[in-house]
Amino acid sequence: GSSSTIAAPWGDGVTSFAFDGLLALTATGNGTPANQVQTAVGALTLAHIDAQLQRLWNQGGSGFWIAMSGTEILSLVHLTLGSSTPNRVVLDQSNTTVGVAVKGYIHPITGEIVPIIASRFLAAGTIEFGCDYLPDGSPALQMDVLPQVQLPELAPNENIQGYVVQEIGSTPAAPQLFPFLVSVYEVLKMKSALHFAKSTGVTAV
């Protein structure tokens with residue numbers, strides 16, 4: 001998400017309704033080390049992924065993950081098939097199943113399987129690296145529901161654990177509309193900008 005983007009799905013073409021997400025928060029201006037914000041990467045290589053994961057490991061994070069678009073995941077498939085890695089071809093009578101599905105990446109230092117998260121909201125050429133936990137074991141990310149501001153007196157509403165339920169009168173033109181609206185006011189907290197990395201300008205292989 002981006003607080004400055006008015007295009008869908010972050011806005012309605014006029015107003016932005018989103019808060020800044022991971023891509024916007026992973027920036028040197030927000031405290032992320034410059035070597036963890038890689039630009040103009042070029043052709044995707046396994047060495048580049050290894051380097052980004054090592055940088056997060058050096059910062060003491062754990063529970064690593066990688067978010068990629070479909071383009072970068074396909075690049076990983078192509079790298080896997082082109083690296084002389086043994087692949088099994090399953091023959092079932094007249095049907096043949098071929099191909100590789102990349103579900104995880106082996107961390108070059110810890111040996112753990114790093115999940116690869118496929119995202120339709122990531123533009124091709126961008127990869128986000130992160131971790132779930134900081135060195136002290138606390139979460140690296142947190143979603144907070146903000147205190148609700150008072151709605152106008154004439155708007156019937158009820159505050160339920162940070163959510164607001166407001167009744168909406170139906171009209172003869174739309175009699176089947178549900179007679180209420182649920183709103184939530186929340187924000188993403190990146191607890192440490194040191195434990196995230198971003199690669200942009202990645203080209204497909």
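Six strands of this predicted model form an open sheet in the order β1-β14-β8-β3-β7-β6, and the pairing within the sheet is mixed. The edge positions are taken by β1, residues 37-38, and β6, residues 104-106; each has a single partner strand, so one side of each is left without a neighbour in the sheet. Strands of a sheet pair through backbone hydrogen bonds, in either a parallel or an antiparallel sense. Both senses occur here, and β3 is a convenient place to see them.

Strand β3 covers residues 62-68 and pairs with β7, residues 113-118, in the parallel sense over 3 bridges. Met68 can be used to locate this pairing, since its bridge partner in β7 is Ala118. With β8, strand β3 pairs in the antiparallel sense, over 5 bridges. Here Phe64 serves as the marker, its bridge partner in β8 being Cys131. Is β3 enclosed by the rest of the structure or left open? Of its 7 residues, 5 are buried, so β3 is largely enclosed by the rest of the structure.

From β7 the sheet continues to the edge strand β6. These two strands pair in the antiparallel sense over 3 bridges, and Gly104 has Pro115 of β7 as its bridge partner. β6 and β7 form a hairpin with 6 residues between them. In the turn of this hairpin, Gly111 has a positive phi of about 80°.

The loop between β6 and β7 also holds His107. His107 counts as buried because its relative accessibility is 1%, below the 20% limit for that class. Which residues does His107 contact, leaving aside its neighbours within four places in sequence? They are Leu53, Trp57, Phe64, Glu112 and Val114. One of these contacts, Phe64, is the residue paired with Cys131 in β8.

Two helices lie across the sheet strands. Helix α2, residues 46-58, lies across β1, β3, β6, β7, β8 (127-133) and β14 (197-199). The direction of helix α2 is at about 140° to β3. Helix α3, residues 70-81, lies across β3, β7 and β8, and runs at about 105° to β3.

The remaining helix to consider is α1, residues 22-25, which contributes to a pocket lining. Rolling a probe the size of a water molecule over the atoms shows where empty space is left. The largest pocket has a volume of about 460 Å³. Its lining is made up of 15 residues, and those nearest the pocket centre are Gly1, Leu22, Leu23, Phe121 and Leu122. Which element gives the most to this lining? It is α1, with 3 residues. Both α1 and β3 supply at least two residues each to the lining of the largest pocket. By type, the lining residues divide into 9 nonpolar, 5 polar and 1 charged.

Some backbone features lie outside the helices and strands. Most residues other than glycine have a negative phi, and most peptide bonds are trans. The peptide bond from Ala8 to Pro9 is cis, with omega near 5°. Ala8 lies in the segment before α1, and Pro9 is found in that segment too. Ala8 is exposed, with a relative accessible area of 67%. Further along the chain by 10 residues is Ala18, and the C-alpha atoms of Ala8 and Ala18 are separated by 9.9 Å.

Ala40 is not a glycine, yet has a positive phi of about 50°. Where does Ala40 lie? It is in the loop between β1 and β2, the latter being residues 42-43. Ala40 counts as exposed because its relative accessibility is 68%, over the 50% limit for that class.

For the chain as a whole, there are 3 helices and 15 strands. Of its 205 residues, 28% count as buried. Among the contacts in the chain with a separation of 6 or more, 66% are between residues 24 or more positions apart.

Methods:
Residues numbered from 1 in each chain as written. Predicted model: local features only at pLDDT ≥ 70, side-chain atom pairs only at ≥ 80, totals over all residues. Heavy atoms only, no water. Pairing = 2+ DSSP bridges. Helix = DSSP H or I, 4+ residues; strand = E, 2+ residues; numbered from the N terminus. Contact = heavy atoms within 4.5 Å. Axes fitted to C-alpha atoms, helices over the stretch in contact; angles between N-to-C directions. 1 Å grid on protein atoms, 1.4 Å probe; cavity = no way out; pocket = protein on both sides within 12 Å on 5 of 7 lines; lining within 4 Å. Points joined across faces, edges and corners; volume = space filled by probe spheres on them. Nonpolar A, V, L, I, M, F, W, Y, C, P; charged D, E, K, R; others polar. Buried < 20%, exposed > 50% of the residue type's maximum accessible area, 1.4 Å probe, protein only.
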